[in-house]
Amino acid sequence: MDYTPVKGTHDIFGSEAKQHNYVSYVLKSTAELYGYKGLETPVLEHTEVFSRGTGESSDVVRKEMYTFLDKGNRSVTMRPEFTAGIVRSIVSNKYYATEDLPIKVFYHGPAFRYERPQLGRYRQFHQFGVEEIGLDSARADAEIIIMAVHMMHNLGFKTVNLKINSIGDEETRNNYRTALVEYFSKHIDNMCPDCKERLQLNPLRILDCKVPADQEIAKDAPKLKDYLSEASEKRFYETLSIINDFGVEYEIDDGLVRGLDYYSEVVFEIHAVSDEGKDYGALGGGGHYGGLVRSLGGPDLPGVGFAMGMERVVSVMNDNHLLEEVTDGIDFYVIPVGEDMLDEAFNLTMAVRSMGYSAETPLANGKMGSLFKKAVKRKAKYAIIVGGNELERGVINVKNLATQEQKEIALDDLENALSDLIDPIDEGCCCGGECDCDGECKCEDNKEGCCCCCDSKNN
Ligand code: HAM
């Protein structure tokens, strides 16, 4: 019996689980700012959803899907990506008829691809993504890109490396395909077997080939930008102009074609090399799609969307020290001084929890030294020490485990005292919480969240 996780899968525990929750919470909250609603679709779909939706020529469909026959002999696939399943849901539930267009949804969950595991690449990974379906405009495409960058800023990234390109409309891609076939036909004998197949199925995919010798050949291939139709070029520059107006910085990457077949017009990716120099690959990517809804049996509606890879985002954020505060630690560890204080400590712990703070207490007797060690191991911010003598005086001791400072707190002021410890007054305020401003705030930037009485006096 092999009890190790299946190759390319991993367990997410404790602080890491908390970090995933935090990142998805920030992404979801940002999507909600833009009016997006949650949509959860099954992990399992009929295989055609992805073969038709994601595309027969994509590596994902050709080589990477977890596909099997269920006990009813139906071919089903564990989603390798969400977009096709989301569109299937919109079509089969006819949301396009019952909801106002565009339909704007976000999603989060595991996806499965049989890829070679390496840094930032798993066989089971998690995506957070959004899709906006039913509106064909450069403004809709631009809004999605602006939102992706907004999400990165909300996660704490100061700079975002946004690569963007247009793969044009059908006319563009037909002309470009012809040019690629002509070019690669001359070199195909020296290229990998995958590229030979790609040349037949979709020569655009050759541009994604990871074999160095093939990449060298692809460098001199015709450039997509030279084949953009007038309409696609106009639309692309309109999109760029809108995102520009919102201060979004980008780099046009005319080699960016994305690996899934449904895209048309604008495509983009977000990259980041961590402060430690590790390159986890693209943190997220997406773009506009024209024919996907129709190819899955729905009306002729366009869509645009993107997805982030949660593992990659969490890894880069850890390397860049953006998640140091997000741990599985607790606020208070309540330590009874002796066995006869176990009940009091238990009752106090329940009271602290009812005030909204996380707290734990040992449920069996222990020595003070080992209980303090436990408090540190649980990453508690404070230890509350419950002793008989102190309780008789109506007080407890609270020790800051980072600074080792200890002070007495009166039990009848417990709620205020704990709140001051966990949510102290903003020390960034110029008046340091002791305001003598007499109703006229002296904070230079009069920032929101200013500690103080100025707000209350002004009101
Ligand atoms: P994708 O580029 O295939 O696009 O995946 C999006 C993100 O998922 C990638 O940028 C990467 O961060 C993460 N990812 C992909 N494969 C793996 C893997 N094997 N291990 C870890 N992370 C991975 C899509 O999936 C499209 N559905 C995005 C989209 C939405 N386009 C339009 N709407």
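R205 is buried, with a relative accessible area of 3%, and its side chain meets that of D208 in a salt bridge in which N and O lie 3.4 Å apart. The model described here is a predicted one, and it holds 24 salt bridges. A ligand is also present, and 27 residues of the protein lie around the ligand.

**Salt bridges and their exposure**

- D208, the partner of R205, counts as partly exposed at 23% relative accessibility, whereas R205 itself is buried.
- The side chains of K219 and E216 form a salt bridge with an N to O distance of 2.8 Å, and both residues belong to helix α9, which spans residues 212-219, where they stand three residues apart, or about one turn of the helix.
- K219 is exposed, with a relative accessible area of 54%, while E216 is partly exposed, with a value of 46%.
- E408 and R393 are joined by a salt bridge whose closest N and O atoms are 2.7 Å apart.
- This pair links distant parts of the chain, since E408 sits in strand β16 (residues 406-410) and R393 in the loop between α15 (388-392) and β15 (395-400), with their positions 15 residues apart in the numbering.
- E408 counts as partly exposed at 43% relative accessibility, and R393 is exposed at 52%.
- Beyond single pairs, D59, R62, K63, D194, E197 and R198 are joined into one network by salt bridges that share partners.

**Residues around the ligand**

- Among the 27 residues around the ligand, those that come nearest are E81, T83, E115, Y122 and Y263.
- By residue type, the shell around the ligand divides into 11 nonpolar, nine polar and seven charged residues.
- Strands β6 (124-133), β10 (279-289) and β11 (303-309) each supply at least two residues of this shell, and the largest share, seven residues, comes from β10.

**Polar contacts and cover of the ligand**

- The side chain of E115 has an N or O atom 2.7 Å from a nitrogen atom of the ligand, and the side chain of E131 likewise has an N or O atom 2.9 Å from a ligand nitrogen atom.
- At L283 the contact involves the backbone, where an N or O atom lies 3.1 Å from an oxygen atom of the ligand.
- Taken on its own, the ligand has 650 Å² of accessible area, and the protein covers 96% of that area.

Definitions and conventions
Residues numbered from 1 in each chain as written. Predicted model: local features only at pLDDT ≥ 70, side-chain atom pairs only at ≥ 80, totals over all residues. Heavy atoms only, no water. Salt bridge = Lys/Arg side-chain N within 4 Å of Asp/Glu carboxyl O. Buried < 20%, exposed > 50% of the residue type's maximum accessible area, 1.4 Å probe, protein only. Helix = DSSP H or I, 4+ residues; strand = E, 2+ residues; numbered from the N terminus. Near = heavy atom within 4 Å. Polar contact = N/O pair within 3.5 Å; in protein donor to acceptor, adjacent residues only side chain to side chain. Areas by Shrake-Rupley, 256 points an atom, 1.4 Å probe, with all protein chains shown as cover. Nonpolar A, V, L, I, M, F, W, Y, C, P; charged D, E, K, R; others polar.
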